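Here are my notes for your first read-through. Keep the model open beside them and check each point as you go.

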Amino acid sequence: MVCAVHDEEVGVDIEKVRPFDLQLAMGLFTEEEYRDLLNAKEDRIHAFYDIWTLKESYIKAIGKGLSCPLNFFNVKKHNLDSILLTDVLIGKPITDYICKQYMIDSEYSLSVCAHQANINQFNQYLNLVSFKEICSAL
């Protein structure tokens, strides 16, 4: 479970990293994202989930969910704090939403996207809390 708090819209996605069908990415990702995925030979599985969770966190933040085609915008990850979103239809960067990825461990990919935020507003590290801690606080 993930919780993110912000004064504006926020979207979060976390996925367990497991094998996937490369054809799935070809049908859902932009050409650039698919090329980036193919170029990530050694770590293709993690690259897929990085792109996937970034896309999911954005469409959740804008309130559209999967009604927004995933190939209408492009995700370009430079590092965990430098992620560029581009509207493919108009060819312009999406600047009113900022995304960040967090490393939990090698089994999960986690992305958060927030409206009208800057990267300095995101916590640098996750605050991991056990289920037992949550229950004891109630």
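**Notes on the model**

1. Start at the front of the chain. Met-1 sits in the segment that comes before β1 (10-16). Keep in mind that the model is predicted. Met-1 counts as exposed because its relative accessibility is 88%, and exposed means over 50%. Together with Val-129 and Ile-134, Met-1 makes a nonpolar surface patch of about 340 Å².

2. Next, look at Thr-30. Its place is the loop between α1 (22-28) and α2 (31-39). Is Thr-30 buried or exposed? Thr-30 counts as buried, because its relative accessibility is 9% and the cut-off for buried is under 20%. Which residues does Thr-30 touch, not counting those up to four places away in sequence? They are Asn-71, Phe-73, Asn-74 and Val-88.

3. Now turn to α2. Glu-33, Tyr-34 and Leu-37 are buried in this helix. Seen down the axis of α2, its buried residues fall within an arc of 100°, so they line one face of the helix. Why can residues spaced like this share a face? An α-helix has 3.6 residues a turn, so residues three or four places apart point the same way. On the other side of α2, Glu-31 and Asn-39 are exposed. The cover over the buried residues of α2 includes α1, α3 (44-61) and β2 (73-79).

4. Move on to the nonpolar interior. The largest nonpolar core has 25 residues. Phe-29, Phe-48, Tyr-58, Phe-73, Leu-85, Tyr-97 and Cys-113 have the most contacts inside this core. Several elements feed the core: α2, α3, β2, β3 (82-87) and β5 (97-102) each supply at least two of its residues. Which element gives the largest share? That is α3, with 9 residues.

5. Take Cys-113 as a worked case from that core. Leave aside its neighbours within four places in sequence. Cys-113 is then in contact with residues including Glu-9, Val-10 and Gly-11. Its contacts also include Ser-57, Tyr-58 and Ala-61. Leu-85, Tyr-97, Ile-98 and Cys-99 are among the contacts too. There is also a second, separate core of 7 residues, which includes Val-12, Tyr-102, Ala-114 and Phe-122.

6. Now the charged pairs. How many salt bridges does a search of the whole structure find? It finds 6. One salt bridge joins the side chains of Lys-16 and Glu-107, at 2.8 Å from N to O. This pair links distant parts of the chain, 91 residues apart: Lys-16 is in strand β1, and Glu-107 is in the loop between β5 and β6 (108-115). Lys-16 counts as partly exposed, with 34% relative accessibility. Glu-107 counts as partly exposed, at 40%.

7. Follow Lys-76 next. Glu-32 forms a salt bridge with Lys-76, and their closest N and O atoms are 3.9 Å apart. Glu-32 lies in helix α2 and Lys-76 in strand β2, so the pair ties together parts 44 residues apart in sequence. Glu-32 is partly exposed, at 31% relative accessibility. Lys-76 is partly exposed, with a relative accessible area of 24%.

8. Stay with Lys-76. Its side chain also meets that of Asp-36 in a salt bridge, at 3.0 Å from N to O. Here too the pair links distant parts of the chain, with Lys-76 in strand β2 and Asp-36 in helix α2, 40 residues apart. Asp-36 is partly exposed, with a relative accessible area of 25%. What do the shared partners produce? Glu-32, Asp-36 and Lys-76 are joined into one network.

9. Finish with Val-17, which lies in the loop between β1 and α1. Val-17 is buried, because its relative accessible area is 14% and buried means under 20%. Not counting residues up to four places away in sequence, Val-17 touches Ile-45, His-46, Tyr-49, Ser-106, Glu-107, Tyr-108 and Ser-109. Glu-107 in that list is the salt-bridge partner of Lys-16. Also compare Val-17 with Ala-114. These two are 97 residues apart along the chain, and their C-alpha atoms are separated by 23 Å.

Terms used. Residues numbered from 1 in each chain as written. Predicted model: local features only at pLDDT ≥ 70, side-chain atom pairs only at ≥ 80, totals over all residues. Heavy atoms only, no water. Patch = residues over 30% accessible without salt bridge, like charges linked within 9 Å, V, L, I, M, F, W, Y side chains within 5 Å. Areas by Shrake-Rupley, 256 points an atom, 1.4 Å probe, with all protein chains shown as cover. Salt bridge = Lys/Arg side-chain N within 4 Å of Asp/Glu carboxyl O. Helix = DSSP H or I, 4+ residues; strand = E, 2+ residues; numbered from the N terminus. Buried < 20%, exposed > 50% of the residue type's maximum accessible area, 1.4 Å probe, protein only. Contact = heavy atoms within 4.5 Å. Arc of directions from axis to C-beta. Core = buried A, V, L, I, M, F, W, Y, C linked by side-chain atoms within 4.5 Å.
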